[in-house]
Amino acid sequence: MQELMEAFQMLPDWEDRYKLIEDLGRHLPNLPEDQLTEDNRIKDCNTRAWLIAHLNDENPPKLVFEADGETATVRGLMALMLLPFRDKTPEEVLATDPDDLFGPMGLESALSPTRRAGMEALLFRVRELAVEHAATA
């Protein structure tokens with residue numbers, strides 16, 4: 001995550017940063033077709049996008065997020081936005097403030113209102129899934 005942040009901050013403008021985000025999206029694995037359901041769809045996202053989560057076998061179990069979206073940009077934004085929640089228990093996910101990462105990047109100010117709404121919808125869904133899995137961990 002630190003390397004990505006440094007690369008992101010070294011890029012001179014948002015056009016180049018969006019290219020990096022799209023590259024992240026191209027490397028995000030696709031969800032299996034049977035996971036692209038309405039139940040897994042992120043509501044209030046302008047472009048169709050999906051998010052699922054499961055607990056891994058570690059002790060304590062960590063929450064593993066998997067995401068997919070219709071465009072490379074959306075997929076890349078999702079990959080970027082899920083970084084602060086990697087390798088964390090559901091309780092740690094709930095205690096994580098993504099603004100600690102995204103605030104210094106200026107990401108929110110660089111997004112259109114519809115993309116900001118999608119970002120908020122993704123973060124809402126992350127928290128919903130963390131609450132659901134915290135109850136079963």
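**Exercise 1. Helices H1 and H2**

Describe how the axes of helix H1 and helix H2 cross in this predicted model, and list the residues that make the contact.

Solution. Two packed helices are described by the angle between their axes and the distance between the axes. Step one is the geometry: the axes of H1 (residues 2–10) and H2 come within 9 Å and cross at roughly 145°. Step two is the residue list. H1 contributes Leu4, Phe8 and Gln9, while H2 contributes Trp14, Arg17, Leu20, Ile21 and Leu24. Step three is the class count: six nonpolar residues, one polar and one charged make up the contact of H1 with H2.

**Exercise 2. A salt bridge in H2**

Find what joins the side chains of Glu15 and Lys19, and work out how the two residues are spaced along H2.

Solution. Side chains of opposite charge can pair when their charged atoms come close. The N to O distance between Glu15 and Lys19 is 4.0 Å, and their side chains meet in a salt bridge. Both residues belong to helix H2 (residues 14–27); because they are four residues apart there, about one helical turn separates them. Over the whole structure, a search finds seven salt bridges.

**Exercise 3. Helices H3 and H7**

Classify the crossing of H3 and H7, state its hand, and break the contact down by residue class.

Solution. Begin with the axes: those of H3 (residues 72–82) and H7 (residues 113–136) come within 11 Å and cross at roughly 45°. H3 is therefore oblique to H7. The crossing in which H3 passes H7 is right-handed. On the H3 side the contact is made by Thr73, Leu77, Met78, Met81 and Leu82, and on the H7 side by Arg115, Met119, Leu122, Leu123 and Val126. By class, the contact of H3 with H7 has eight nonpolar residues, one polar and one charged.

**Exercise 4. Backbone exceptions**

Locate Asp44 and Pro60, and state the backbone feature found at each.

Solution. Most residues other than glycine have a negative phi, and most peptide bonds are trans. Asp44 is not a glycine, yet its phi is positive, at about 65°. Asp44 sits in the loop between H2 and S1. The peptide bond from Asn59 to Pro60 is cis, with omega near 0°. Pro60 lies in the loop between S1 and strand S2 (63–69).

**Exercise 5. Confidence**

Which elements have the lowest and the highest mean pLDDT?

Solution. Start with the protein: its mean pLDDT is 88, and 98% of its residues reach 70 or more. Among the elements, helix H5 (residues 99–105) has the lowest mean, 72, and strand S1 (residues 49–55) the highest, 97.

How values were computed:
Residues are numbered from 1 along each chain as its sequence is written. This is a predicted model: local features need pLDDT of at least 70, side-chain atom pairs count only at pLDDT 80 or more; totals for chains, interfaces and linings use all residues. Side-chain values use heavy atoms; hydrogens and water are left out. pLDDT is the predictor's confidence in each residue, from 0 to 100. Axes are lines fitted to C-alpha atoms, for helices over the stretch in contact, and angles run from 0 to 180 degrees between N-to-C directions. Angles under 35 degrees count as roughly parallel, over 145 as roughly antiparallel, 65 to 115 as roughly perpendicular and the rest as oblique. A crossing is left-handed if the near helix is turned anticlockwise from the far one by less than a right angle, and right-handed if clockwise. Contact means heavy atoms within 4.5 Å. Ala, Val, Leu, Ile, Met, Phe, Trp, Tyr, Cys and Pro count as nonpolar, Asp, Glu, Lys and Arg as charged, and the others, Gly among them, as polar.
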